[in-house]
Every structure is written in C-alpha cells, then in structure tokens.
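Look at the sequence and the model together before reading on. The paragraphs below go from the whole chain to single residues.

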Amino acid sequence: MLYQIALHVKSCDTYRLGVAIDQVEKLYQKVSKGSISVIFLFTFEGIDLFYKHKISDDLLRRIEKLYSDGVKFKLVLPNDGEVKFEEYPFLDVIEAGLIELVKLYRAGYLYISI
C-alpha cells in the first residue's frame, strides 16, 4: 500500500505542527520508506514559521531528519516575503498553494489541514 499524505500547514501554531511531525515520524517507523510519500505545504500564517523565525531548533532538527527520510516541505512565499533559505535548505519554494493542492489531490494524496 502506498501512503500519500499532504499536510497543509495554514497556521503558525508550533504545537500543532509538532503533533503532525510526531505522527509522521511514527508512520515512518511503521511502514517502509518506499511505501510513503508525505508533503508539508506551508501557506497563509504557516509561512510565518520561517518568515518570522517562529520555529524552534528542536522542530527544525526533526524536520531535517524527516527531509533526509524523503519528506518534502514546500512553502508559498509572498512577493514581499524574505526567508533566509540557507537556514532552511529543506524548503522548496512554490508560487501558488492552490495549484499545488490541486496537483496533490489529482495524484491521490490524502489532504490534512493543520
């Protein structure tokens, strides 16, 4: 079975993000890496986690570990936004979150809003 999960992070609530990361970590312990595809999509206030540096060092380490396991992290960056990408090399910048969500839906991803 292929697990395809899109986690849409619309809030800068680090507690909720931490819970989501915890669940993905547990999922990766239960299934083989080749049978899972997880994408975190940061839009709306979720951008502030990186734009305003609201994300803790612990969460960053956990995200980097998931990234090394194959989890993708995508960020919709507003035109006036500046994110120091050297601090967050795991982030892929995309232009439109809605288009990305449609692509993921068509590809069969389960959508979860955070």
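How far apart are the mean positions of the positive and negative charges of the protein chain? In this predicted model, the 15 positive and 16 negative charges have mean positions 7 Å apart.

Next, consider the overall fold. The protein chain has four helices and five strands. Followed along the sequence, these elements come in the pattern β-α-β-α-α-β-β-α-β. The radius of gyration is 13 Å, close to the 13 Å that the globule rule gives for 114 residues, so the protein chain is as compact as a globular protein of that length. Along the principal axes, the C-alpha atoms fill a box of roughly 40 × 30 × 25 Å.

Contacts and surface come next. If one takes the contacts between residues at least 6 apart in sequence, 74% of them join residues at least 24 apart. Of the 114 residues, 45% count as buried. The accessible surface comes to about 6,800 Å², and carbon and sulfur atoms account for 52% of it.

Now turn to the interior. The largest nonpolar core has 29 residues, and those that touch the most other members are Leu17, Val38, Phe40, Phe42, Phe50, Ile55 and Phe73. Two or more core residues come from each of strand 1 (3-9), helix 1 (14-30), strand 2 (36-42), helix 2 (48-51), helix 3 (57-68) and strand 3 (72-76). Helix 1 gives the most, with five residues. Leucine 17 shows what such a position looks like in detail. Apart from neighbours within four places in sequence, leucine 17 is in contact with Val9, Phe40, Phe42, Leu49, Ile55, Leu59 and Ile114.

The last stop is the loop between strand 2 and helix 2, where phenylalanine 44 is found. Glycine 46 has its place in this loop too. Which of the two terms, buried or exposed, applies to phenylalanine 44? Phenylalanine 44 is exposed, with a relative accessible area of 61%, whereas glycine 46 is buried, with a relative accessible area of 0%.

The backbone of phenylalanine 44 also deserves a look. Most residues other than glycine have a negative phi. Phenylalanine 44, however, has a positive phi, near 50°.

What does glycine 46 touch, not counting residues up to four places away in sequence? The residues are Val9, Lys10, Ser11 and Cys12. Glycine 46 and cysteine 12 are 34 residues apart along the chain, and their C-alpha atoms are separated by 4.6 Å.

Terms used:
Residues numbered from 1 in each chain as written. Predicted model: local features only at pLDDT ≥ 70, side-chain atom pairs only at ≥ 80, totals over all residues. Heavy atoms only, no water. Rg over C-alpha atoms; globule rule 2.2 N^0.38 Å. Buried < 20%, exposed > 50% of the residue type's maximum accessible area, 1.4 Å probe, protein only. Contact = heavy atoms within 4.5 Å. Areas by Shrake-Rupley, 256 points an atom, 1.4 Å probe, with all protein chains shown as cover. Lys, Arg positive; Asp, Glu negative; His and termini not counted. Charge placed at Lys NZ, Arg CZ, Asp CG, Glu CD. Core = buried A, V, L, I, M, F, W, Y, C linked by side-chain atoms within 4.5 Å.
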